[in-house]
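Trainee: I have a new structure open and don't know where to begin. Can you walk me through it?
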Amino acid sequence: MFFVFLAFSFLYYRFVKICLHSCSFHFYDFYFFSYLINLAKPDTIDERAINKGANMSIFKRHENLNLAINSAKAIGINVINIDSHIIESGKRHIILGVIWQIIAIFLFDHMKVQFFPGLISLLRDGETLEDLMKLTPEQLLMRWINFQLERVICYIFLSGFFLNFFPSF
């Protein structure tokens with residue numbers, strides 16, 4: 001449950017409030033992209049490098065978008081065949097895919113046993129807290145999902161994040 005809470009709190013407090021409070025928000029001027037990237041990995045984009053203003057030329061907008069795309073690559077987001085023209089044209093599926101990756105990076109960076117003491121319940125027999133702290137966030141999430149499935153006496157367990165739910169008969 002805490003992962004769902006994290007995701008929704010991130011989306012509401014970061015995304016919805018920005019969109020509601022900035023009436024002159026235009027996605028193609030890209031300040032929002034850089035803001036999300038800086039939330040996921042602080043100080044990735046220097047605020048001084050971003051072109052700001054009400055009537056920016058197309059060249060400054062593309063410069064901003066290229067800065068965001070290069071910064072997204074630097075923090076580990078897959079932006080293959082994505083350039084400033086695609087984002088400016090407003091292809092929603094591509095933009096949402098990039099935003100989803102930024103949110104996933106933010107959540108996985110903040111998913112640690114130190115922040116959530118309830119994760120101790122995920123310890124298996126013979127396992128120490130140090131072993132649990134060595135797990136990657138993806139492994140920790142997978143263990144939490146399997147723990148929840150086991151609690152409801154479900155015979156399907158997750159072995160990866162792709163289409164591989166397998167019955168455990």
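Trainee: How much surface does the chain expose, and what share of it do carbon and sulfur atoms supply?

Mentor: The chain exposes about 11100 Å², and carbon and sulfur atoms supply 63% of that area. Keep in mind that this is a predicted model.

Trainee: What percentage of the residues count as buried?

Mentor: The chain has 169 residues, and 36% of them count as buried.

Trainee: And how many helices and strands are there?

Mentor: There are 7 helices and 2 strands. Reading from the N terminus, the order is α-α-α-α-α-α-α-β-β.

Trainee: What share of the contacts joins residues that are 24 or more positions apart?

Mentor: Taking contacts with a separation of 6 or more, 42% are between residues 24 or more positions apart.

Trainee: Let's go inside. Which residues touch the most other members of the largest nonpolar core?

Mentor: Ile-77 and Ile-102 do, in a core of 26 residues. Helix 2 (31–40), helix 3 (58–74) and helix 5 (92–109) each supply at least two residues of this core. Helix 5 gives the most to it, with 9 residues.

Trainee: What does Ile-102 touch?

Mentor: Leaving out residues up to four places away in sequence, Ile-102 touches Phe-33, Leu-36, Ile-37, Ala-40 and Ile-77. Another core lies apart from this one. That other core has 9 residues, among them Val-113, Leu-119, Leu-141 and Trp-144.

Trainee: Back to helix 5. Which of its residues are buried?

Mentor: The buried ones are Ile-94, Ile-95, Val-98, Ile-99, Ile-102, Ile-103, Ala-104, Ile-105, Phe-106 and Leu-107.

Trainee: How does the end-to-end distance of helix 5 compare with the expected span?

Mentor: It agrees. With 18 residues at 1.5 Å a residue, helix 5 should span 26 Å, and its end C-alpha atoms are 26 Å apart.

Trainee: And what about helix 7, what span should that one have?

Mentor: Helix 7 covers residues 137–151, which is 15 residues, so the expected span is 21 Å. Its end C-alpha atoms are 21 Å apart, in agreement. The buried residues there are Leu-140, Leu-141, Met-142, Arg-143, Trp-144, Asn-146 and Leu-149. Just after helix 7, Ile-153 takes a positive phi of about 55°.

Trainee: There's an arginine in that list. Why does Arg-143 count as buried?

Mentor: Arg-143 has a relative accessible area of 10%, and buried means under 20%. Its side chain also meets that of Glu-127 in a salt bridge, at 2.6 Å from N to O. Glu-127 lies in the loop between helix 5 and helix 6 and Arg-143 in helix 7, so the pair ties together parts that are 16 residues apart in sequence.

Trainee: How many salt bridges does the count come to?

Mentor: The count comes to 5 salt bridges. One of them is between the side chains of Lys-41 and Asp-109, at 2.9 Å from N to O. Lys-41 is in the loop between helix 2 and helix 3, while Asp-109 is in helix 5, so this pair ties together parts 68 residues apart in sequence.

Trainee: What are the relative accessible areas of Lys-41 and Asp-109?

Mentor: Lys-41 has 29% and is partly exposed. Asp-109 has 28% and is also partly exposed.

Trainee: Which residue does Asp-46 form a salt bridge with?

Mentor: Its partner is Arg-48, and the closest N and O atoms are 2.8 Å apart. Asp-46 is partly exposed at 39% relative accessible area, whereas Arg-48 is exposed at 73%.

Trainee: New topic, helix 4. Is Ser-84 buried or exposed?

Mentor: Ser-84 is buried, at 4% relative accessibility. It sits in helix 4 (residues 84–88). Setting aside neighbours within four places in sequence, Ser-84 is in contact with His-62, Leu-65, Asn-66 and Ile-69.

Trainee: Last one, the outside. Which residues form a nonpolar patch on the surface?

Mentor: Ile-120, Leu-129 and Met-133 form one, with about 230 Å² of accessible area together. Met-133 belongs to helix 6 (residues 129–133).

Trainee: Why is Met-133 called partly exposed?

Mentor: Its relative accessible area is 39%. Buried is under 20% and exposed is over 50%, so a value in between counts as partly exposed.

Note on methods
Residues numbered from 1 in each chain as written. Predicted model: local features only at pLDDT ≥ 70, side-chain atom pairs only at ≥ 80, totals over all residues. Heavy atoms only, no water. Helix = DSSP H or I, 4+ residues; strand = E, 2+ residues; numbered from the N terminus. Expected span 1.5 Å × (residues − 1). Buried < 20%, exposed > 50% of the residue type's maximum accessible area, 1.4 Å probe, protein only. Patch = residues over 30% accessible without salt bridge, like charges linked within 9 Å, V, L, I, M, F, W, Y side chains within 5 Å. Areas by Shrake-Rupley, 256 points an atom, 1.4 Å probe, with all protein chains shown as cover. Salt bridge = Lys/Arg side-chain N within 4 Å of Asp/Glu carboxyl O. Contact = heavy atoms within 4.5 Å. Core = buried A, V, L, I, M, F, W, Y, C linked by side-chain atoms within 4.5 Å.
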